[in-house]
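Here is a short report on a sheet and its salt bridges. Please keep the sequence and the model in view while reading.

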Amino acid sequence: MKQKQIINIFYDTITDYTEPIPHAAEHALGLTLLCRGLRTLYRLDLTPDSVNTQLQIGAHGKPHLTEYPHIHFNISHSHGLVMCAFGNAPLGLDVQKKISPRASLIRHCLSPAEQQLYEACSQTPVLQHELFCRFWTLKESLLKCTGIGISRKLSSITFQFPDFPDYSDIRCSESDFYFQQKLFSRDHVLAVCSQLPIREVRFHAPTQ
């Protein structure tokens, strides 16, 4: 039996920019959160500049630290909310702001079975928008965990919520992966995917 792990997520928000927030600002905050996690969890006192010099990106965009390949982390950001997750095995993190998706994005992201459930919620737009965001973040977290990124079609992956609209039971067409999903504030949804079971997700609030 695989041992369950705790996922630690460090987060912060950017408030001194108007939309759209520059990618460079979110990247810089992501490095700061990465350093905060390294310091808190591994007692590594590194600066964002030193981390940036050893941050390597794999063939499909998955980052790792050259001097600490045993440390598994992933960074995500959306509309000024930035997060960095740490786990005991390869993982993927995705956070997204709830949106009203275009028809082309729905076709791009959702499998036929998922589109059917999405359309069944057409009388409740708020529920529809959250459902789409849940599908989207779960798929992105899976692709970020595996490191294959956009080389895989999102619509080729299917998620199910057997107890919908209860989202606690998450089923995926891809085996050997484990998921946790959370509502973060009223505007964002996040998903974590890992190759080890997840016992708990712990959030670390911004430092003063």
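Glu-200 and Arg-202 form a salt bridge, with their closest N and O atoms 3.2 Å apart. A salt bridge here is a side-chain nitrogen of Lys or Arg within 4 Å of a carboxyl oxygen of Asp or Glu. Glu-200 counts as partly exposed at 30% relative accessibility. Arg-202 is also partly exposed, at 36%. Buried means under 20% relative accessible area, exposed over 50%, and partly exposed in between (1.4 Å probe, protein chains only).

This is a predicted model: local features need pLDDT of at least 70, side-chain atom pairs count only at pLDDT 80 or more, and totals for chains, interfaces and linings use all residues. Residues are numbered from 1 along each chain as its sequence is written, and side-chain values use heavy atoms, leaving out hydrogens and water.

**Salt bridges**

The rule yields six salt bridges. Three of them are tabulated here.

| Pair | Closest N to O distance |
|---|---|
| Lys-139 and Glu-114 | 2.5 Å |
| Glu-130 and Arg-134 | 2.9 Å |
| Glu-200 and Arg-202 | 3.2 Å |

What does the pair Lys-139 and Glu-114 tie together? Lys-139 lies in helix H5 (residues 125-146) and Glu-114 in helix H4 (residues 112-120), so the salt bridge joins parts 25 residues apart in sequence. Helices (H or I, at least four residues) and strands (E, at least two) are DSSP runs, numbered from the N terminus. Lys-139 is buried, at 0% relative accessible area. Glu-114 is buried too, at 1%.

Glu-130 and Arg-134 are four residues apart in helix H5, about one helical turn. Glu-130 is buried at 12% relative accessible area. Arg-134 is buried at 6%. A network of salt bridges links Lys-98, Glu-130 and Arg-134.

**The sheet**

Four strands make an open sheet with mixed pairing, in the order E4-E5-E1-E11. Two strands pair if DSSP finds at least two bridges between them. Strands E4 (72-78) and E11 (198-204) are the edges, each pairing on one side only. Neighbouring strands are turned by 20° against each other on average, direction ignored. Axes are lines fitted to C-alpha atoms, for helices over the stretch in contact, and angles run from 0 to 180 degrees between N-to-C directions.

Strand E1 (residues 5-13) pairs with strand E5 (residues 81-87) in the antiparallel sense, over six bridges. Asp-12 stands opposite Val-82 in E5. Helix H1 (residues 23-42) lies across E1, E4 and E5 and runs at about 35° to E5. Contact means heavy atoms within 4.5 Å.
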